[in-house]
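Here's a quick briefing to read alongside the structure. Have the viewer open and follow along by topic.

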Amino acid sequence: MDKFTNSAWFMRIVAFALAALLFISINFEMESDKKSLGLSTAPEISTETIENVPVEVYYDRENLVVSGVPETVDVTLKGAKSLLINAKNQRDFKVYVDLSDPAISMGDRTVTFKISELNEKLVATIDPEYAEVNVQERVTKEFSVEAEYNSSLLEEGYTAGQPTVSPKTVKITGAKDAIEQISYVKANLEISKGLNETVNSKATVKALDRDLNKLDVTIEPSSVAVSLKVSIPSKTVSIEPRQTGKAKDGIRITSISVDPKEVTLFGSETSLEKIDEINLPVNISKIDGDTELELDLNKPESVQKMSLGKAQVKIRTEKVDVEEENAEPVVEEEEPETEQKQEEQVVEEKPEPEKEDEAAAIESKTFNNIQIVPVGMRDDQDAELESEVTSITLLGEADDLKKITKDDINLTVDVSNLDEGTHDVELAVTVPEGVEWELDSKTVSVTITQKDEET
């Protein structure tokens, strides 16, 4: 026995046993410490709900249309907390519905949601678990588009034509049942304020059933260009100066003239029919001599607007003796008419030939190639005149006509309220005071076009 205990192998076995006991003892103490500190190595199991996870649908998109699948679902995951946190942050899994089987039948069916690319150590629950879907044959059909707008937004006096659409037709793709339900294809022109000018805008196209419910279909193109022409009736009337007040002592008003002589009114046809002229009150109570004034034109209440708001007024005067002006006329007693008096009356009535001489003194003078100038043109339009020049004949006394040159004559045409197209517009003529004018044609043909949009 002593021989065995004293051998080298005995000592080796004892040393190995002591080392094993020491290792077991140390590991046991470490495990005890971990447990006492809450540091157990066993994984902690938890749950986490991930909301609004997108749903993918696999099916034959060229020939089928699938409806009823929700866009998102909620997914609850269960497993180790570290894995849950990673799955929630990365969202590297997919939720899908598989309808890719070529033999799939048409109509309503119940399908379950599936999940892929999820860590196998996690357990997933999907809410909802399934969906009621409808599978239909995919159909494409062409429809005409009808534009519409809120006509109650038209301002008083304005009228609108029929809105035009470009392109006039669209292609609508969807389930066969949905295509068969289409009763109207509308492009609604969105207008948020009073309508008093032509509108050119884009409008979204909608497909509606007979009850005006919007249908779930695809429309190509999804929007169209809509043009709505808005105009207002107009009428050109004369401006008539009306003298008000009393002239100062020693001043006599010999003439009152206005420039321009006409103004264009805009409003409803009913309102314009009742107006033949615009009165311009001219107060002469403060006039001391020849005067030029700029006065405001009063717009009638029934008129929406006028082509101008002011006019130039020229007042010509002469000075008179105050006593002569205020002298009362002497009324002589009537005497029986005698042959002699009758002869005197005949003699007094002879100045009439002088009037004929005055009429004979009226002459005419023709000016050729007078430029016609368009006024009031909008920035987004071009105006083309059929003829940019014309001839005008002035009538007046020879001395007055000699002083007049082409620069004293202005011919304009107001295009401020013209829509696209060709219109016959009346010419506005401004000539020196004291002469009359004649034109071969009082109107000119004007073509309005829309400027191309800059790209």
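There are 9 helices and 32 strands in this protein. Keep in mind that we're looking at a predicted model. The bullets start with overall numbers, then go through a sheet, a surface patch and one strand residue.

**Overall numbers**
- The protein has 455 residues, and 28% of them count as buried.
- Its accessible surface adds up to about 31,200 Å², with 46% of that belonging to carbon and sulfur atoms.
- If you take the contacts with a separation of 6 or more, 70% come from residues 24 or more positions apart.

**A three-stranded open sheet**
- Here 3 strands line up in the order S19-S24-S22 to make an open sheet, and the pairing is antiparallel.
- The edges are taken by S19 (251–259) and S22 (291–296); each has a single partner strand, so one side of each has no neighbour in the sheet.
- Going from one strand to the next, the twist averages 30°.
- S22 pairs with S24 (residues 310–319) over 6 bridges, in the antiparallel sense.
- To pick out a bridge by eye, go to Glu294: its bridge partner in S24 is Gln312.

**A nonpolar patch on the surface**
- Val14, Leu18 and Leu21 make up a nonpolar surface patch, and together they have about 280 Å² of accessible area.
- Leu21 sits in helix H2, which covers residues 8–36.
- Is Leu21 buried or exposed? Leu21 is exposed, because its relative accessible area of 56% is over the 50% cut-off.

**Glu148 and what's around it**
- Glu148 belongs to strand S9, which runs over residues 146–148.
- With a relative accessible area of 32%, Glu148 counts as partly exposed, because that class lies between the 20% and 50% cut-offs.
- Which residues does Glu148 touch, leaving out those up to four places away in sequence? They are Lys186, Ala187, Asn188 and Leu189.
- Glu148 and Pro163 are 15 residues apart in sequence, and their C-alpha atoms are 7.2 Å apart in space.

**Worth a click in the viewer**
- For the patch, select Val14, Leu18 and Leu21 together.
- For the sheet, show S19, S24 and S22 in that order, then zoom in on the bridge partners Glu294 and Gln312.
- For the strand residue, show Glu148 with its contacts, including Lys186 and Leu189.

Terms used: Residues numbered from 1 in each chain as written. Predicted model: local features only at pLDDT ≥ 70, side-chain atom pairs only at ≥ 80, totals over all residues. Heavy atoms only, no water. Patch = residues over 30% accessible without salt bridge, like charges linked within 9 Å, V, L, I, M, F, W, Y side chains within 5 Å. Areas by Shrake-Rupley, 256 points an atom, 1.4 Å probe, with all protein chains shown as cover. Salt bridge = Lys/Arg side-chain N within 4 Å of Asp/Glu carboxyl O. Helix = DSSP H or I, 4+ residues; strand = E, 2+ residues; numbered from the N terminus. Buried < 20%, exposed > 50% of the residue type's maximum accessible area, 1.4 Å probe, protein only. Pairing = 2+ DSSP bridges. Axes fitted to C-alpha atoms, helices over the stretch in contact; angles between N-to-C directions. Contact = heavy atoms within 4.5 Å.
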